[in-house]
Protein chains: 2
Amino acid sequence: MQNLKEFSEKAKLVRKWCLVSTTEAESGHPTSCLSAADITTVLFDKYFSYDLKDPLNAGNDRFVLSKGHAAPLLYTLFAMAGAFPLEQLKTLRKFDSNLEGHPTPKFIYAEAATGSLGQGLSVGAGLALVAKRENLPYKTYVLCGDGELAEGQIWEAANFSSHYELDNLIAILDINRLGQSQETMFGHHIEKYVSRFQSFGFEVISIDGHDLNEIDQAFEQATKNQNGKPHVIIAKTIKGKGVSFVENKEDWHGKALKKEDLEKALSELGEVNGDLRFHLKEPQKIVRSSESGVNSYSLKYEKGKEIATREVFGKVLSGLSDQIKNIYALDGDVKNSTFSEDFFKTHPGRSIEGYIAEQNMVSVAVGLSRLKKIPFVATFAAFLTRAADQIRMARVSEANIKFVGSHVGVSIGEDGPSQMGLEDIALFGAIPDSIIFQPCDAVSATKLIPHMAAHKGISYMRTLRSKTPVIYNNEEEFSLGGSKLLRKSADDELTIIASGITVFEALKAADELKKENINVRVMDCYCIKPIDKIMLNKCLEETKKKILITVEDHYEHGGLGDFVISAVDGTKAKISKMAVTKISRSGTKDELLNDAGINFSHIIAKVKEQLMKKNAIPEAMMK
Amino acid sequence: MQNLKEFSEKAKLVRKWCLVSTTEAESGHPTSCLSAADITTVLFDKYFSYDLKDPLNAGNDRFVLSKGHAAPLLYTLFAMAGAFPLEQLKTLRKFDSNLEGHPTPKFIYAEAATGSLGQGLSVGAGLALVAKRENLPYKTYVLCGDGELAEGQIWEAANFSSHYELDNLIAILDINRLGQSQETMFGHHIEKYVSRFQSFGFEVISIDGHDLNEIDQAFEQATKNQNGKPHVIIAKTIKGKGVSFVENKEDWHGKALKKEDLEKALSELGEVNGDLRFHLKEPQKIVRSSESGVNSYSLKYEKGKEIATREVFGKVLSGLSDQIKNIYALDGDVKNSTFSEDFFKTHPGRSIEGYIAEQNMVSVAVGLSRLKKIPFVATFAAFLTRAADQIRMARVSEANIKFVGSHVGVSIGEDGPSQMGLEDIALFGAIPDSIIFQPCDAVSATKLIPHMAAHKGISYMRTLRSKTPVIYNNEEEFSLGGSKLLRKSADDELTIIASGITVFEALKAADELKKENINVRVMDCYCIKPIDKIMLNKCLEETKKKILITVEDHYEHGGLGDFVISAVDGTKAKISKMAVTKISRSGTKDELLNDAGINFSHIIAKVKEQLMKKNAIPEAMMK
């Protein structure tokens with residue numbers, strides 16, 4: 001039991017620095033750190049294998065701080081492990097520091113950005129799954145708070161972890177009873193957590209989270225036992241443990257101690273040897289090849305043949321992944337609709353069926369990305385909104401994830417509005433540095449998917465439910481930030497900018513107008529973000545009127561039209577946005593495109609209206 | 001047992017019409033209807049109390065179809081109850097029909113739009129909670145599929161229902177084993193569902209979902225027993241039950257029978273008496289007063305005093321709700337940050353602590369709205385993104401919900417990017433007919449909250465973490481679609497358009513510029529959607545340069561700037577968007593506003609740049 005005394009002293013030092021750093025910052029969550037100080041001290045000092053010089057060593061254990069507000073604890077643990085001087089903890093929450101209020105990738109030991117609660121177990125499941133699939137020896141530890149166990153995503157992750165038999169995953173629950181504004185739903189009724197996790201297929205170890213011996217035995221058991229079940233150590237703890245006047249008290253969430261209270265607190269902790277440090281275990285050194293970049297891939301199509309871009313996605317992803325060995329695919333039980341099933345059939349070892357649990361699926365992908373996999377996450381575009389917060393946090397995590405949303409727009413037809421992706425461009429467009437593609441045919445889809453794979457960061461592709469004819473030659477090239485002019489003459493009045501399904505409506509409109517001797521340009525904006533500003537401006541220069549008509553199967557705000565308007569701002573262009581402005585309904589594709597006012601006939605009317613309005617009725621219409 | 005024979009015959013008729021209607025539509029999910037035909041037949045024919053002439057009668061039982069793809073079943077049940085002729089079912093999924101592919105409010109008996117899975121139990125919990133709070137006698141039934149039980153929101157709803165002791169809620173699980181693309185995670189392992197729901201505090205009744213006697217007894221038990229626990233009837237069923245060649249078969253999800261297969265199926269069902277109808281029980285007639293509209297409410301502030309708009313929200317909501325008796329408030333364990341705690345203290349009977357489970361909270365609000373409550377849903381703006389899909393579906397449901405997102409933008413400071421609401425305008429802006437407010441001071445916040453309460457539909461208010469000085473007189477009026485000019489002269493060069501925290505940066509910039517004899521207008525765009533187009537155009541007319549500079553604490557795409565650009569399109573205005581374009585970090589409010597390039601000094605630089613660029617250096621700068 002010599003160890004226990006040492007743990008106890010080290011835990012004191014951890015507590016000290018969680019208190020000192022937050023008081024120095026004048027904000028933060030010290031009490032949420034103190035409750036978990038004992039259990040994490042034992043973990044780091046005795047069980048955790050990690051090479052501080054190589055965070056991405058594939059032999060390293062993984063520690064995910066799901067309760068991100070306990071960031072000072074995370075930083076203290078790594079400082080105590082020798083990653084940097086303890087004094088540096090005093091930079092917590094300062095502008096120039098990497099020690100942010102909640103963990104972000106600026107702190108290189110953070111497996112993911114956390115702070116939006118309930119996501120860490122999914123990230124951990126992603127990390128643990130990679131170890132299972134690739135026979136890697138590391139363990140993944142996830143520290144969760146009790147408040148965040150109310151998030152449904154936790155239970156998505158729990159099902160996922162037991163279904164995939166992630167017995168290398170060890171969840172640690174810091175049950176400190178108190179949420180932010182009141183007691184949690186279950187307070188200290190530990191049995192409520194025990195029964196829930198047992199029923200979800202976990203090996204449950206319930207302990208006093210401040211009894212160092214019980215903690216030690218719990219880790220001993222959880223790290224040895226490999227019976228196919230994920231582990232959860234449910235630790236009954238005291239929020240603010242170690243400082244009597246904040247212990248187990250309401251109204252102390254997210255509050256730093258004032259200077260005078262800090263002195264009192266430190267004197268309660270008693271003398272602490274400031275030189276104590278953790279003994280990290282040395283991990284196996286395992287080097288994993290990093291991703292390869294392929295940005296061309298060939299499949300040939302017959303012009304005019306009808307193929308849905310979602311079908312193309314499946315085929316291309318499957319083929320491309322023969323070359324790019326670190327592509328994974330995840331799907332939410334719609335793989336026969338998104339066509340990721342083609343990949344699932346050819347690459348079962350890199351396929352992850354996420355079932356109907358989109359939030360977990362996205363955060364699992366964050367875990368995969370951390371280990372340099374390239375996850376393609378596919379479901380209906382409408383259901384990617386289910387994971388909007390996880391996508392937001394994936395960006396904060398600097399994750400490299402490729403999203404594919406099928407069944408976009410009213411053009412899906414009979415299934416009705418609940419199934420229509422109509423706000424997805426707004427969602428992905430708001431994310432800094434994201435890219436958005438929407439190919440209209442098989443050739444462009446085929447050429448753009450390798451660009452997604454090669455891009456680092458958040459990329460998104462909209463795919464169509466309905467079949468569309470192949471309009472491009474197989475030799476045509478497509479680029480990030482590019483576009484294509486599909487109709488063009490020396491005598492164009494204005495430009496119609498379309499993307500995806502509306503390309504065909506625009507083409508039909510242009511061809512009808514031509515019969516009336518009204519020439520218009522049609523631009524296929526297959527890359528929505530970044531948009532092809534050069535081409536837009538070229539069109540404005542080359543057409544008679546400085547008029548752009550954007551037409552999109554997406555809601556009016558935040559879509560293609562807004563990207564176009566921003567791109568040509570200041571050029572005196574007149575832009576007409578044609579988009580969906582109401583809740584759609586069931587009907588055929590053509591009925592709904594017409595009902596939404598974005599089909600060829602509405603485009604024709606809009607073109608004529610625009611030309612009339614300018615007192616510039618084309619000759620053809622004067623006859 | 002006379003009943004059972006009758007049930008059996010009626011269930012046959014239900015099956016027939018689910019098959020006929022989908023074949024007629026040539027799409028839909030007949031097999032998902034057939035698995036639940038028996039259990040819903042017994043429910044409607046013997047237990048369900050409902051006045052078809054008055055769907056909003058407060059004595060009516062409630063039936064929520066969480067598995068929205070079984071819409072044909074829902075329609076058939078109400079047709080069998082006498083709501084409309086069975087023949088009308090043949091209009092399923094047609095453009096002019098109210099019988100859409102998934103239920104929407106066009107079908108007046110649908111309690112909510114469903115089709116995005118896993119949301120119905122939360123809606124039902126909202127309905128059941130109202131009955132508990134207001135002593136109403138009805139029961140709420142929710143039919144869930146097994147695939148959707150993978151959604152975390154189900155478990156949020158389960159915790160919520162048992163915590164609030166909703167023993168008037170009866171969940172029915174149609175465990176038909178098969179998802180869309182493969183077997184569900186648990187297939188027919190009924191015990192997995194039993195243990196999960198037991199551990200979540202439900203009274204569990206497990207039955208054969210095709211044994212009419214067991215079904216009858218289950219409802220008997222669930223409707224009688226009131227021990228504080230919500231009920232779940234877990235029914236083991238066969239997907240496609242009743243039609244041998246689709247029963248329990250993969251690849252039959254979401255596929256209508258072809259005409260020839262339909263004939264075969266109907267002959268298997270055997271002779272069916274087409275005149276059979278359900279006997280609905282007559283509900284108690286209970287009239288509830290509908291909402292009152294108050295759109296003014298008074299609280300006085302001292303000019304210059306510093307108050308955060310989030311604090312104002314709490315006070316005003318609390319005061320206003322003394323007058324408007326159907327306001328409810330929901331919060332996700334941050335009520336001491338959003339300040340909805342003021343309402344919680346004064347109106348505990350209409351307060352709902354949702355804990356950290358935003359998805360459930362929003363769908364519970366959909367249930368409240370259905371019963372003509374006015375729910376105010378508050379949490380950090382960043383965490384409203386957690387419920388983006390539920391907000392989307394709330395709009396499809398035509399729900400009347402008021403969202404309040406606190407802690408917007410980088411101006412929150414030290415907590416870092418995970419806590420910053422920076423895509424919320426894009427999210428709420430995309431939703432058709434939504435309104436968005438962002439008051440910058442206490443007076444405007446006070447005046448706008450009653451407008452939110454009076455508005456019907458989805459409305460959203462951004463509130464600020466930091467205190468801001470009162471700048472308006474208490475007499476000032478604020479309107480939907482309005483704005484205020486805070487700086488104005490006869491000699492203005494251009495207009496700065498700000499909202500929320502950036503109003504103060506713009507004012508500071510304007511005052512600094514004035515010292516250099518550069519006059520600029522400052523517009524407080526407290527209503528972001530609909531935006532004040534008239535004022536924007538007036539400013540363009542009245543300033544020397546047709547220049548607008550928008551400055552917002554939100555990401556660049558989908559925010560205030562895009563609303564402004566769209567509003568003035570075609571006017572030859574030049575718009576400069578100043579917005580957040582990268583992931584922020586921890587720091588002080590002022591450091592982060594500066595880092596994001598949206599503080600007063602960047603505004604000053606932008607104004608000067610714009611004026612220079614136009615070769616229109618103001619005299620003051622020529623000296």
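# Salt bridges, charged surface and backbone geometry in a two-chain model

E87(B) forms a salt bridge with K90(B), in which the closest N and O atoms are 3.3 Å apart. Both partners keep some solvent access, since E87(B) is partly exposed at a relative accessible area of 47% and K90(B) is likewise partly exposed at 31%. The structure is a predicted model, and the count of salt bridges over all chains comes to 82. The points below take up selected salt bridges, a charged surface patch, some individual residues and their contacts, one covered helix, and several backbone features.

**Salt bridges**

- R62(A) pairs with E111(A) in a salt bridge whose closest N and O atoms lie 2.9 Å apart. This pair links distant parts of the chain, for R62(A) sits in strand β1 (residues 62-65) of chain A while E111(A) sits in the loop between α4 (71-80) and α5 (120-134) of chain A, 49 residues apart.
- Both members of that pair are covered: R62(A) is buried, with a relative accessible area of 0%, and E111(A) also counts as buried, at 5% relative accessibility.
- A further salt bridge joins K582(A) to D595(A), with 3.1 Å between the closest N and O atoms. K582(A) lies in the loop between β19 (574-580) and α21 (589-595) of chain A and D595(A) lies in helix α21 of chain A, so the pair ties together parts that are 13 residues apart in sequence.
- In this second pair K582(A) is partly exposed, with a relative accessible area of 36%, and D595(A) is partly exposed as well, with a value of 23%.
- Salt bridges also form a network, in which E151(A), D389(A) and R392(A) of chain A are linked with R386(B) of chain B.

**Positive surface patch**

- Which residues form a positive surface patch? The patch is made up of K546(A), K572(A), K546(B) and K572(B), and it therefore draws on both chains.
- K546(A), one of these residues, is located in the loop between α19 (533-542) and β18 (547-555) of chain A, where it is partly exposed, with a relative accessible area of 37%.
- K572(B), another member of the patch, lies in the loop between α20 (560-568) and β19 (574-580) of chain B. At 54% relative accessibility K572(B) counts as exposed, because the cut-off for that class is over 50%.

**Individual charged residues and their contacts**

- K281(A) belongs to the loop between α9 (259-269) and β6 (306-307) of chain A and is partly exposed, with a relative accessible area of 41%.
- When residues up to four places away in sequence are not counted, K281(A) touches K46(A), Y47(A), F48(A), S49(A) and Y50(A). The C-alpha atoms of K281(A) and D61(A) are separated by 9.6 Å, although the two residues are 220 residues apart along the chain.
- E311(B) is part of helix α10 (residues 309-323) of chain B. Is E311(B) buried or exposed? At 16% relative accessibility E311(B) counts as buried, because the cut-off for that class is under 20%.
- The contacts of E311(B), again leaving out residues up to four places away in sequence, are with F339(B), D342(B) and K467(B).

**A covered helix**

- Helix α3 (residues 37-47) of chain B is mostly covered, with 10 of its 11 residues buried. Charged and nonpolar side chains are found in the buried set, including D38(B), I39(B), V42(B), L43(B), F44(B) and D45(B).

**Backbone features**

- In chain A the peptide bond from K529(A) to P530(A) is cis, with omega near -5°, and P530(A) is found in the loop between β17 (527-529) and α19 of chain A.
- In chain B a cis peptide bond joins K529(B) and P530(B), with omega about -5°, and P530(B) is found in the loop between β17 (527-529) and α19 (533-542) of chain B.
- N248(B) has a positive phi of about 60° although it is not a glycine. N248(B) is placed in the loop between β5 (231-236) and α9 (259-269) of chain B and is partly exposed, with a relative accessible area of 32%.
- K572(B), already named as a member of the positive patch, has a phi near 65°, which is a positive value in a residue other than glycine.

Notes: Residues are numbered from 1 along each chain as its sequence is written. Chains are lettered from A and ligands numbered from 1 in the order in which they are written. This is a predicted model: local features need pLDDT of at least 70, side-chain atom pairs count only at pLDDT 80 or more; totals for chains, interfaces and linings use all residues. Side-chain values use heavy atoms; hydrogens and water are left out. A salt bridge is a side-chain nitrogen of Lys or Arg within 4 Å of a carboxyl oxygen of Asp or Glu. Helices (H or I, at least four residues) and strands (E, at least two) are DSSP runs, numbered from the N terminus. Buried means under 20% relative accessible area, exposed over 50%, partly exposed in between (1.4 Å probe, protein chains only). Patches are made of residues with over 30% relative accessible area and no salt bridge: like charges are joined within 9 Å, nonpolar side chains (Val, Leu, Ile, Met, Phe, Trp, Tyr) within 5 Å. Accessible areas come from the Shrake-Rupley method with a 1.4 Å probe; for residues, only the protein chains shown count as cover. Lys and Arg count as positive and Asp and Glu as negative; His and the chain ends are not counted. The place of a charge is taken as NZ of Lys, CZ of Arg, CG of Asp or CD of Glu. Contact means heavy atoms within 4.5 Å.
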